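Let's take a walk through this one, starting with the metals and ending at the bound ligand. Have the viewer open as you read.

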Amino acid sequence: LQAMLRRWQEGGRHARTASAPARGYTAAELARAIAEGQLLNHYQPKVDLRSGAFAGVEALVRWQHPEDGLVFPDAFIPGMEASGLIDELTRGVLLRAAADLRALRAEGLRIRLAINVSMDSLDRLGFPELVCAMLDETGLAPAELILEVTESRLGSNPLTALDILARLRLRQIGVSIDDFGTGHSSLRQLRDLPFDELKIDRGFVTGARKLPTRRAIFCGCLDMARELNIRSVAEGVEDRDDWDFVRSSGCDQAQGYFISRPIPAAELPAWHARWQQRCGE
Ligand code: C2E
Ligand code: CA
Ligand code: CA
Ligand code: CA
C-alpha cells in the first residue's frame with residue numbers, strides 16, 4: 001500500500017481540486033468575520049453502510065461574506081491558521097453545532113457530531129482542555145464528538161500530537177484521520193496513534209468501481225483500518241456505482257453527494273425522511 005500510494009502521489013494524479021481563493025483575506029477581515037457572526041455551519045450526513053442508518057454529521061464551515069457571497073473553507077482556513085484565529089473559529093463551529101444538535105434532538109434525531117480540527121491546534125498542549133471547556137459550554141457529551149484531523153499534516157510534531165490525541169481519547173472524545181491516503185503514515189506510525197476512525201480520501205473512492213488503481217488503494221486503506229481495528233469511512237461517494245462499490249467492500253460508513261451534499265441544519269430532518277424512503281425501496 002505504501003509503495004502504491006507513493007506512486008500515486010508522484011504521478012501527480014492526486015492534485016486537490018480545491019478552488020483557489022478568489023482573493024486573499026486580511027487578518028482584520030478574518031477577525032471581523034468571526035466577530036460579526038458571518039461564519040455558519042453546513043452539515044453533511046454520514047450513514048452506516050450495513051443498515052443505511054443516519055450515523056452522524058460532519059460540520060463544514062462557510063463564510064457568508066457581505067460582498068463575495070458564500071465563501072468555502074479552502075479560501076479562508078489557511079488565513080485563519082496563519083492569523084492565530086483558528087481556535088476561535090473551531091469554538092464557533094462547535095457552539096453553533098451544539099445548538100443545532102439540541103434542536104434536532106427535540107425532533108427526535110440523536111446523532112454524533114464530527115468537526116474538523118487544524119493540525120495547528122494539535123501542536124498546542126492546552127488543546128484537550130480547550131475542547132473540554134468548549135464541551136462544557138455546550139452540554140454535549142465528549143462521546144458524541146469526533147475530531148477529524150488531516151493525515152497529511154500529522155508528521156509535523158508527532159510527539160506532541162501523540163500526547164494530545166491520547167488525552168482526547170482518555171476523555172472519550174473520538175479522533176478520526178481525515179483524507180487518509182494523502183499523507184505518508186505507515187501502519188507502524190498509525191498503530192502508535194490513538195485514532196478510532198479512518199476516513200478514506202475521496203480520491204480513492206469516487207469512481208473506484210471502474211478504476212483499478214483507486215480500487216486497489218481503497219481496499220488497502222480498508223485493510224489497514226481492519227488491522228488497526230478502527231471504523232472506516234468512505235468519503236466522496238458521488239453516485240450509485242460508488243455506493244454499490246463501498247457497500248460491497250465491507251467499509252463501515254459513507255459520506256458523499258450521493259447521500260447528501262452539506263446542507264443547513266434545518267434541512268436535515270427532511271433529508272433524513274427522504275433517505276429512509278430511499279433505503280426502504
Ligand atoms: P474535508 O474535511 O475533507 O471535507 C470534505 C470536503 O469535500 C467538503 O468540502 C465537502 O463539501 C466535500 N465533499 C463532500 N462530499 C463530496 C463528494 O461526494 N464529492 C466531492 N467532490 N466533494 C465532496 P468543503 O466544505 O469545501 O471543505 C473543504 C475542507 O475545508 C474540508 O475538507 C476541511 O479540511 C476544511 N474545513 C471545513 N470546515 C472546517 C472547520 O470548521 N475547521 C477546519 N479547521 N477546517 C475545515
Ligand atoms: Ca473532514
Ligand atoms: Ca476528507
Ligand atoms: Ca480535505
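Which protein donors does the calcium ion (ligand 4) have? Keep in mind that this is a predicted model. The answer is Asp 179, listed twice through OD atoms, at 2.6 to 3.1 Å from the ion. Asp 179 sits in strand β6, which covers residues 174–180. From the calcium ion (ligand 4), go 5.9 Å and you get to the calcium ion (ligand 2).

Asp 179 turns up again at the calcium ion (ligand 3), where an OD atom of Asp 179 joins Asp 178 (OD) and two OE entries from Glu 235, at 2.2 to 2.5 Å. Along the chain, those donors follow the spacing D-D-x55-E. The calcium ion (ligand 3) is 4.1 Å from the calcium ion (ligand 2), and Asp 178 coordinates both of them. Both Asp 178 and Asp 179 are buried.

Now for ligand 1. The two aspartates reach this molecule as well: a polar side-chain atom of Asp 178 is 3.0 Å from a ligand 1 oxygen, and for Asp 179 the corresponding distance is 3.2 Å. Arg 202 also puts a polar side-chain atom 2.9 Å from an oxygen of ligand 1. On its own, ligand 1 exposes 810 Å², and the protein buries 87% of that.

What makes up the shell around ligand 1? Elements giving two or more residues are β2 (54–65), α4 (86–106) and β6, and β2 gives the most, with 4 residues. In total, 23 residues surround ligand 1, with Gln 44, Arg 62, Arg 202, Glu 238 and Tyr 257 the closest. By type, the shell splits into 10 nonpolar, 5 polar and 8 charged residues.

How values were computed:
Residues are numbered from 1 along each chain as its sequence is written. Chains are lettered from A and ligands numbered from 1 in the order in which they are written. This is a predicted model: local features need pLDDT of at least 70, side-chain atom pairs count only at pLDDT 80 or more; totals for chains, interfaces and linings use all residues. Side-chain values use heavy atoms; hydrogens and water are left out. Donors are N, O and S atoms within 2.8 Å of the metal (3.2 Å for Na, K and Ca); water is not among the atoms, so sites may look incomplete. Buried means under 20% relative accessible area, exposed over 50%, partly exposed in between (1.4 Å probe, protein chains only). A residue is near a molecule or strand if one of its heavy atoms lies within 4 Å of it. A polar contact is a pair of N or O atoms within 3.5 Å; within protein, one must be able to donate a hydrogen and the other to accept it, and residues adjacent in sequence count only if both atoms are side-chain atoms. Accessible areas come from the Shrake-Rupley method with a 1.4 Å probe; for residues, only the protein chains shown count as cover. Ala, Val, Leu, Ile, Met, Phe, Trp, Tyr, Cys and Pro count as nonpolar, Asp, Glu, Lys and Arg as charged, and the others, Gly among them, as polar.
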